[in-house]
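The following exercises are to be worked with the sequence and the model in view. Each task is followed by a solution in steps.

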Amino acid sequence: MFKFLYYGDFFEYKDVLKENGYNGQDYMGIGQFIFLGIAILAIILLCIFLRKINHKKIDILLKILAIIIPLLEITKICVETYFDVEHGHGFNEGGLLPLYTCSLFIYTLPIAAFGSGKAKECCLAFITTLGIFAGLTNFVMAPILQNYPFFNFHTFVSLNFHFWMVFTGVFLISTKYYVPNWWDILKGFAPAAILSIFVIPMDYICDWDYMLYNRGWGTPPFISNLATTLTNKGMKWLYTLIIIIGYLAINAIIVGIVQLTSSLKKKLKKV
């Protein structure tokens with residue numbers, strides 16, 4: 001019988017876990033919701049208490065994260081690859097390459113921390129718009145729990161990665177280090193657009209689903225069903241276009257919320 005937490009399982013591989021009885025029991029389980037509640041509360045409280053922090057200190061934080069986060073992702077890929085090869089699966093090129101929408105965090109963060117000019121602006125725009133949504137989606141849904149239990153190295157890395165992704169975006173806005181404006185709907189999509197140039201043809205050729213451009217795997221049923229329907233009708237390109245428009249719409253919604261909140265605060269100060 002599977003044990004929720006027992007010694008020796010922290011670095012266990014998904015195949016072994018499955019043999020031992022783990023079939024995603026922790027997915028949408030009480031542990032996930034407790035962690036989610038604590039994590040969201042932590043983000044809110046930290047952003048409230050640190051909202052007046054000196055921007056030079058934020059520069060330092062960004063530089064630290066720009067080093068730690070990519071190293072965390074590289075470690076995850078290496079560990080997962082080791083186990084994949086050890087168990088005869090080979091390298092999982094369709095699932096482990098850092099080509100997801102969330103993967104953009106490891107590319108934009110160093111530029112936001114060490115870069116300058118328009119490139120830095122576009123990266124900060126991504127982190128404070130689409131980055132928040134992408135991180136929050138994976139943070140809330142935690143699909144990693146379908147393969148690994150809550151107390152496992154792979155889960156630990158995934159939840160930490162997406163926690164910092166959400167926190168960084170919200171933190172930059174709350175401290176006014178970077179407040180996205182209407183132009184950031186496009187600027188925030190720029191990093192995703194660049195990655196899409198490589199991802200879309202690879203998704204089509206290799207039948208992968210990075211950035212959800214091919215099949216919408218792991219998404220709500222209406223998205224994956226739309227992908228299947230349009231693909232069967234020979235209009236996969238239309239599904240991909242809808243996803244791109246969706247990303248832009250998400251940016252617009254987040255910018256709209258930020259601008260509306262900022263406007264309301266200004267009006268309240270005048271009262």
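**Exercise 1.** What percentage of the 271 residues in the chain do buried residues make up?

*Solution.* The model is a predicted one. Here a residue counts as buried when its relative accessible area is under 20%. By this criterion, 43% of the 271 residues are buried.

**Exercise 2.** Determine which kinds of element build the chain, and compare its radius of gyration with that of a compact globule.

*Solution.* Step 1: the chain contains 11 helices and zero strands. Step 2: a compact globule of 271 residues would have a radius of gyration near 18 Å. Step 3: the chain has 20 Å, which agrees with that value. Step 4: along the principal axes, the C-alpha atoms fill a box of roughly 65 × 50 × 35 Å. Step 5: of the contacts with a separation of 6 or more, 73% come from residues 24 or more positions apart.

**Exercise 3.** Describe how helix 2 and helix 6 meet.

*Solution.* Step 1: locate the two elements, helix 2 at residues 30–49 and helix 6 at residues 130–141. Step 2: their axes cross at roughly 145° and come within 9 Å. Step 3: helix 2 contributes Q32, F35, L36 and A39, which meet F139, V140 and M141 of helix 6. Step 4: sorted by character, the residues of this contact comprise six nonpolar, one polar and no charged.

**Exercise 4.** Where does helix 9 bend, and which of its residues are buried?

*Solution.* Step 1: helix 9 covers residues 190–206, and its 17 residues reach 24 Å from the first C-alpha to the last, close to the 24 Å expected. Step 2: the bend lies at S196 and amounts to about 40°. Step 3: the buried residues of helix 9 are P191, A192, L195, S196, V199 and D203; S196 thus appears both at the bend and in the buried set. Step 4: a general rule helps in reading this list: an α-helix has 3.6 residues a turn, so residues three or four places apart point the same way. Step 5: the cover over these buried residues includes helix 4, helix 5, helix 6 and helix 8.

**Exercise 5.** Which phi values do D207 and L212 take, and how accessible are D207 and L212?

*Solution.* Step 1: most residues other than glycine have a negative phi. Step 2: D207, although not a glycine, has a positive phi of about 60°, and L212, also not a glycine, has one of about 65°. Step 3: D207 lies in the loop between helix 9 and helix 10, as does L212. Step 4: D207 is partly exposed because its relative accessible area is 32%; L212, at 27%, also counts as partly exposed.

Terms used: Residues numbered from 1 in each chain as written. Predicted model: local features only at pLDDT ≥ 70, side-chain atom pairs only at ≥ 80, totals over all residues. Heavy atoms only, no water. Axes fitted to C-alpha atoms, helices over the stretch in contact; angles between N-to-C directions. Helix = DSSP H or I, 4+ residues; strand = E, 2+ residues; numbered from the N terminus. Contact = heavy atoms within 4.5 Å. Nonpolar A, V, L, I, M, F, W, Y, C, P; charged D, E, K, R; others polar. Expected span 1.5 Å × (residues − 1). Bend = angle between axes of the 7 residues up to and from the residue. Buried < 20%, exposed > 50% of the residue type's maximum accessible area, 1.4 Å probe, protein only. Rg over C-alpha atoms; globule rule 2.2 N^0.38 Å.
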